[in-house]
Each structure stands twice: as C-alpha cells, then as structure tokens.
2 protein chains.
Amino acid sequence: MKKAIFFHAGCPVCLSAEQDILNLIPADQIEVVHLGEDKGKITAAEQAGVQSVPALLTTNGNVLHINFGASIGDLK
Amino acid sequence: MKKAIFFHAGCPVCLSAEQDILNLIPADQIEVVHLGEDKGKITAAEQAGVQSVPALLTTNGNVLHINFGASIGDLK
C-alpha cells in the first residue's frame, strides 16, 4: 500500500509535529523520513513539492507544510 | 473521547487540506469546525493558539498550522 510520507529534520518543531502526527495517523499508513540523516532523499522531496520541514506528502501527491522548522535549502 | 479539531474556513487551501487530513486520520478521532460559518468559535480557536487556517488542534493542545489559507483575523 502506498503510504503518506512525513519529512522532518530532527528540529524541535519537527519532533513535536512528528509526535502529534504519529498519534493521529495509523502507523501502517505513514512512513517517516529524516532528511537530516538521509540527505540523498532531499532532491526527491523537493521535486515532490516539499519546501520546508516538517511536511507531510500525501498519497495523492499533495504536500502539507506543517508549522515551520527549516527550509529544505538549509538542509543541504 | 477527546478529538483533534480541524479548523478551516472554506478556502481552497482549507478544503484541499481537509480532504487530505480526513483521508489520513480516522473519522472518530477528528472534529471539523468551519470558522467561516461558525464565527462564535473564532475566539476559542484563537485562545487555543490557532493563528491561521487550516489548522489542526491536537488532543494535547498543540496547534499544527497546515499550509496557509487565511489568517484568523481575516475571518472576523
């Protein structure tokens, strides 16, 4: 099954949002990607429309930017 | 059971986010409030920390501002 992807980078805003999102969305429907540790995925995230973290990429391709932790350019 | 509350105001950004959020979060865990139609709830939303819509107020009191549709001041 295709899952939503929660992108974050370990920042305080990210971690707080991650906990909230994981409490709300069933675990089998979401994948978590830490762009600070997994920099190889930054380009793909950008191409999907992620401009800042934390962000949630839904299965239909929409990006929900949640609060603001860091811009994706700052993670490179 | 206490539910998360999704605040919106009928704007295009709101409706798109609402659909995405309702697809992800089980229906019995979330309540939707349309602040454009239910203006009596604007003050309570502001006091809970909602600064713009769409926003998700979690059961532990955190506010996740999701993308940006309108500032809450513009709804009054």
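The paragraphs below walk through a predicted model, beginning with chain A as a whole and moving on to single residues in chains A and B.

Let us start with the overall plan of chain A. It is built from 2 helices and 4 strands. If you follow the chain from the N terminus, these elements come in the order β-α-β-α-β-β. Keep that order in mind, as the strands and helices named later can be placed on it.

How does the radius of gyration of chain A fit with that of a compact globule? For 76 residues, a compact globule would be expected to have a value near 11 Å, and chain A has 11 Å, so the two agree. Along the principal axes, the C-alpha trace of chain A spans about 30 × 25 × 20 Å. Of the 76 residues in chain A, 45% are buried.

The contacts tell us how the sequence is brought together. Taking the contacts in chain A between residues at least 6 apart in sequence, 57% of them join residues at least 24 apart. One pair to look for in the structure is Asp74(A) and Ser52(A): they are 22 residues apart in sequence, while their C-alpha atoms are 9.0 Å apart in space. Asp74(A) sits in the segment after β4 of chain A. Its relative accessibility is 62%, and because exposed means over 50%, Asp74(A) counts as exposed.

Now for the surface and the charges. Chain A exposes about 3,700 Å², and carbon and sulfur atoms supply 50% of that area. The chain carries 5 positive and 8 negative charges, and the mean positions of these two sets are 7 Å apart.

Next, have a look at helix α1, which covers residues 12-24 in chain A. At 1.5 Å a residue, its 13 residues should span 18 Å; the end C-alpha atoms are 19 Å apart, so the helix agrees with the expected span. Which residues of α1(A) are buried? They are Cys14(A), Ala17(A), Glu18(A), Asp20(A), Ile21(A) and Leu24(A). In chain B, helix α1 also covers residues 12-24, and its 13 residues reach 19 Å from the first C-alpha to the last, close to the 18 Å expected. The buried residues in α1(B) include Cys14(B), Glu18(B) and Asp20(B), along with Ala17(B), Ile21(B) and Leu24(B).

Strand β3 holds a backbone feature that is worth finding. In chain A, Val53(A) and Pro54(A) are joined by a cis peptide bond, with omega at about 0°. Pro54(A) belongs to strand β3, residues 52-57 of chain A. Turning to chain B, a cis peptide bond joins Val53(B) and Pro54(B), here with omega at about -5°. Pro54(B) lies in strand β3 of chain B, which takes in residues 52-57.

Our last stop is strand β4. Asn67(A) has its place in this strand, residues 63-71 of chain A. Although Asn67(A) is not a glycine, it has a positive phi of about 50°. Is Asn67(A) buried, partly exposed or exposed? Its relative accessibility is 26%, and since buried means under 20% and exposed over 50%, Asn67(A) counts as partly exposed. In chain B, Asn67(B) is found in strand β4, residues 63-71. Asn67(B) is not a glycine, yet its phi is positive at about 50°. With a relative accessibility of 26%, Asn67(B) counts as partly exposed.

Terms used. Residues are numbered from 1 along each chain as its sequence is written. Chains are lettered from A and ligands numbered from 1 in the order in which they are written. This is a predicted model: local features need pLDDT of at least 70, side-chain atom pairs count only at pLDDT 80 or more; totals for chains, interfaces and linings use all residues. Side-chain values use heavy atoms; hydrogens and water are left out. The radius of gyration is taken over C-alpha atoms; the globule rule is 2.2 Å times the number of residues to the power 0.38. Buried means under 20% relative accessible area, exposed over 50%, partly exposed in between (1.4 Å probe, protein chains only). Contact means heavy atoms within 4.5 Å. Accessible areas come from the Shrake-Rupley method with a 1.4 Å probe; for residues, only the protein chains shown count as cover. Lys and Arg count as positive and Asp and Glu as negative; His and the chain ends are not counted. The place of a charge is taken as NZ of Lys, CZ of Arg, CG of Asp or CD of Glu. The expected span of a helix is 1.5 Å times one less than its number of residues.
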